[in-house]
Amino acid sequence: DADMVQRRTDMGWAARLTRALEEERLVLYYQSYLSLGQNSAAGQHIEILLRLIDEDGKLVPPGSFLPAAERYNIMPTIDRWVIRTVFERYRDLQAQMGAPLTCAINLSGTTLNSEGILDFIREQSERHRLAPGAICFEITETAAINNLRHATQFMRDLKALGFCFALDDFGIGTSSLAYLKTLPVDYLKIDGSFVRNIVNDPVDRAMADTINRVGHIMGLQTVGEYAESAEVIGE
């Protein structure tokens with residue numbers, strides 16, 4: 001019964017998402033990365049966040065509608081909209097925040113495997129001619145490993161054009177560290193389930209510390225998700 005209720009909810013969201021795209025009711029926010037290092041020349045790094053304005057003008061968080069977008073294969077259309085919009089607005093955002101600026105854009109697993117996405121990003125790159133490192137695509141560990149050969153070639157092709165990559169939600173997959181030698185990523189995002197409790201849970205702290213150390217040995221920059229308190233950041 002619960003599955004049937006969820007399916008009906010997702011079907012409703014699928015129709016609403018189609019209308020939202022047509023009526024341009026998707027909006028973008030961002031959150032800034034907090035650097036714990038001393039390299040001020042590294043510039044700013046922000047993650048682009050997707051929100052939806054519903055029929056009543058209220059802001060809807062992505063957790064409410066992205067599962068339906070995934071189920072009904074709407075994510076490739078949404079991700080293309082995000083890519084196009086960020087590329088178009090990048091220079092205005094850079095003028096406000098200063099250079100260098102890196103904008104992180106999440107790519108869903110369905111988008112990663114969708115037909116024509118590489119050509120689309122290449123076309124947008126040629127049109128807007130952003131500086132190398134301006135855009136970082138984030139791919140979840142699960143999405144990358146599910147189609148490892150394709151994901152690896154996809155990353156290599158786009159890195160040749162000046163893009164960089166982050167492996168998102170790292171540490172909760174079945175393979176994790178074994179695939180780091182294969183995937184040409186620049187950033188490793190430690191899953192928030194390890195980070196948020198590192199003050200009180202020694203196992204979570206050890207997991208986060210291990211991932212961080214391995215990442216640094218491989219020359220990657222590491223990011224801790226869900227660092228929501230001064231105590232967690234201090235750890």
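The sulfur of Cys-103 lies 10 Å from the closest cysteine sulfur, that of Cys-136, so the two are too far apart for a bond. This is a predicted model, and a search of the whole structure finds zero disulfides. Cys-164 is in no disulfide either. Its nearest cysteine sulfur also belongs to Cys-136, at 3.9 Å. A disulfide needs sulfur atoms within 2.5 Å. Cys-103 counts as buried because its relative accessible area is 1%. Cys-164 is buried as well, at 9% relative accessibility.

**Nonpolar cores**

In soluble globular proteins, nonpolar side chains tend to be buried together. Here the largest nonpolar core holds 59 residues. Ile-135, Phe-137 and Phe-154 touch the most other members. Helix H3 supplies the largest share of this core, nine residues. Apart from it lies another core, of five residues. Among its members are Ala-104, Cys-136, Ala-166 and Tyr-187.

Phe-137 has a long list of contacts beyond four places in sequence. They are Ile-83, Phe-87, Ile-105, Leu-107, Ile-121, Leu-158, Phe-163, Cys-164, Phe-165 and Ala-166.

**Two residues compared**

Asp-168 sits in strand S6, residues 164-170. It is buried, since its relative accessible area is 8% and the cut-off is under 20%. Leaving out residues up to four places away in sequence, Asp-168 touches Asn-106, Glu-138, Ile-139, Thr-140, Glu-141, Lys-189 and Glu-225.

Leu-59 belongs to strand S3, residues 59-60. Its relative accessibility is 44%, so it counts as partly exposed. Leu-59 touches Val-27, Tyr-29, Arg-51, Leu-52 and Ile-53, again without residues up to four places away in sequence. Its C-alpha atom is separated by 21 Å from that of Ser-108, which lies 49 residues apart along the chain.

The accessibility values for the residues discussed so far are set out below.

| Residue | Relative accessible area | Class |
|---|---|---|
| Cys-103 | 1% | buried |
| Asp-168 | 8% | buried |
| Cys-164 | 9% | buried |
| Leu-59 | 44% | partly exposed |

**Empty space**

Rolling a probe the size of a water molecule over the atoms shows where empty space is left. The count comes to one cavity of 30 Å³ or more. The largest cavity has a volume of about 80 Å³. It is lined by 14 residues. Closest to its centre are Ser-125, Leu-130, Ala-131, Leu-161 and Phe-163. Helix H5, residues 117-128, gives the largest share of this lining, three residues. By class, the cavity lining divides into eight nonpolar, five polar and one charged.

The second largest pocket has a volume of about 180 Å³. Its lining is made up of Leu-28, Tyr-29, Tyr-30, Ile-48, Val-86, Arg-89, Tyr-90, Asp-92, Leu-93 and Gln-96. Strand S1 (26-32) and helix H3 (75-97) each supply at least two of these lining residues. The largest share, six residues, comes from H3. Seven residues of the pocket lining are nonpolar, one is polar and two are charged.

Some residues recur across these features. Tyr-29 lines the second largest pocket and is also a contact of Leu-59. Phe-163 is a contact of Phe-137 and is listed at the centre of the largest cavity, among the closest residues. Helix H3 gives the largest share of the 59-residue core and the largest share of the second largest pocket's lining.

Conventions: Residues numbered from 1 in each chain as written. Predicted model: local features only at pLDDT ≥ 70, side-chain atom pairs only at ≥ 80, totals over all residues. Heavy atoms only, no water. Helix = DSSP H or I, 4+ residues; strand = E, 2+ residues; numbered from the N terminus. Buried < 20%, exposed > 50% of the residue type's maximum accessible area, 1.4 Å probe, protein only. Contact = heavy atoms within 4.5 Å. 1 Å grid on protein atoms, 1.4 Å probe; cavity = no way out; pocket = protein on both sides within 12 Å on 5 of 7 lines; lining within 4 Å. Points joined across faces, edges and corners; volume = space filled by probe spheres on them. Nonpolar A, V, L, I, M, F, W, Y, C, P; charged D, E, K, R; others polar. Core = buried A, V, L, I, M, F, W, Y, C linked by side-chain atoms within 4.5 Å.
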